[in-house]
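Reader: I would like a close look at a single part of this predicted model, namely its salt bridges. Please take me through them one pair at a time, with care over where each partner sits.

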Amino acid sequence: MTDETVSEEPIYQPLADVRVLDLTGQYAGSQITRILADLGAEVNKVEAARHMDMVSRGLVPTDNRPTNHWWTRTAYWAERNINKRGITVDLTTDEGKEVFYDLLDVSDILAENYTPRVMRHFGFEYEQLKERKPGLIHISLSGYGQEGPLANAPANAFGMLAAAGLAYAMGEPGPAPYLPTTSLADMYAGISAATSILVALRRVRLTGEGERIDMAGREGGMAMGAGFVLGSQLPPDQPGERVYSTLILGCAGDEEWLVVCYRDAEEWAQLCGVLGIEDPPEPPADPDDPPEEVVRAAAAADRHAVASALQAAGVAAAPVQTGRDILLDPHFEERDVYALCRHTDPEIGARPFGRAFPVRVLGARGTELRDPPRDLGRDNREVFREVLGYSDERIDALYEAGVAADGPSTRFGRAWATPLDTEAMIHDGGALPAPDYLEVLSERFGERVGPLRWPEEGS
């Protein structure tokens, strides 16, 4: 970001003196270090030319355009790694292990989300790392934790939702549960782990003693399901009383929905009044089966107008927002929830992203969003020289040995990121961006959003 665009508002960066050695990948792990980076920490993300963060680098090409530079132009990767620096170190080599230990010596936090056997394979046992650096905070985020019969089992977000019992609680009774289209278990695990790190940092500053944080994604997901677990302890014919009755009503337009949570007959009457029903029917015994006149009235109403009127009357209600709605939401705009990251690649340009730490502390907002390390090994020389004090000769030797690299291994030398399968996306309930989305976003953020130039096909 140029000096001319930097706001004079105070910026909240409590971790400005913290350095993170980031071995994480995919969603849950990179969620941890993205939060730390947004809080001001210096995060050095490590990949290897032969072992890139394939899931993040291969999902959702920018503007749904194919590219031979697939590892640099995916929206998923950018969102996960804003405010970080990117380096390449092959940890399977002796020289790479030396670089790792040098980085460890100057870092406060080591973050990784491998299965436990991977760190053992590298030879990075916690006790060994602790002996070398007693004040180290080592966060391990795996699917099932560092111990137990499932410790080495592979895991992903949907598998963890199933193993945590949450998939069973999603959807209507029927042949199969519904699964969300986003990585809920990953998100919650990442947020929980980041919170634990902040507590550990406080302890290190008070005592000088480090911490080993063992975070299991499955257990993070289970923490989301307290109500489901408690409800399952009731007899089937005694489900317990609802505090709120929740309606999901279709409104005017295509796929326009409204959620209303009412507590009593008075709030039910408020809903009917807002919908223009002069003689309100009785509240439904089953909220999933509302009276026909309520359904008809809602189908002719604007979801935003109804939600606003109900909120003003003290009834909890909200329109079901699309991604476009959220980016253009005036309340979010006022609170600076989304900000532009101005990418150095002119074929990407400025793009809006949510803040990983979306709070304001004493009026201060989060750090500015800096271009993520899209190019593999983008910050190698800067980190090796300025952080580790390596000479140019040693850095060149790392490149010659294949320990460091500025691009992927030749085995990845193909156009892997392809346009989204639109038919499958629609089948799964997804929505495609509107043709005018870049123009609308440019108006919303007051400057051009999107590429400064379109890439040539396949470039």
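**Salt bridges in the predicted model**

Author: Glu447 and Arg342 form a salt bridge in which the closest N and O atoms are 2.6 Å apart. Because Glu447 lies in the segment after helix H19 (437-445) and Arg342 belongs to strand S10 (residues 338-342), this pair ties together parts of the chain that are 105 residues apart in sequence. As for the surroundings of the two partners, Glu447 is partly exposed, with a relative accessible area of 28%, and Arg342 likewise counts as partly exposed, at 26% relative accessibility. Both residues are called partly exposed because their values fall between the limit for buried, under 20%, and the limit for exposed, over 50%.

A further pair is that of Arg381 and Asp396, whose side chains meet in a salt bridge with an N to O distance of 3.2 Å. This pair, too, links distant parts of the chain, since Arg381 is found in helix H16 (residues 380-387) and Asp396 in helix H17 (residues 392-400), with their positions 15 residues apart in the numbering. Arg381 has a relative accessible area of 31% and is therefore partly exposed, and Asp396, with a relative accessible area of 33%, is placed in the partly exposed class as well.

Arg385 and Asp392 make another such contact, their side chains meeting in a salt bridge at 3.0 Å from N to O. Here again the partners are partly exposed, with a relative accessible area of 37% for Arg385 and a relative accessibility of 38% for Asp392. Beyond separate pairs, salt bridges that share partners join Arg73, Asp345, Glu347, Asp371, Arg374, Arg378 and Asp379 into one network. Counted over the predicted model by the rule that a side-chain nitrogen of Lys or Arg must lie within 4 Å of a carboxyl oxygen of Asp or Glu, the salt bridges come to 30.

For contrast with these partly exposed partners, one may turn to Pro116, which is found in helix H5 (residues 116-122) and is buried, with a relative accessible area of 5%. Leaving aside residues up to four places away in sequence, Pro116 touches Ser142, Gly145, Gln146, Ala151 and Asn152. The C-alpha atom of Pro116 is also separated by 8.4 Å from that of Glu147, a residue 31 positions away along the chain.

Conventions: Residues numbered from 1 in each chain as written. Predicted model: local features only at pLDDT ≥ 70, side-chain atom pairs only at ≥ 80, totals over all residues. Heavy atoms only, no water. Helix = DSSP H or I, 4+ residues; strand = E, 2+ residues; numbered from the N terminus. Buried < 20%, exposed > 50% of the residue type's maximum accessible area, 1.4 Å probe, protein only. Contact = heavy atoms within 4.5 Å.
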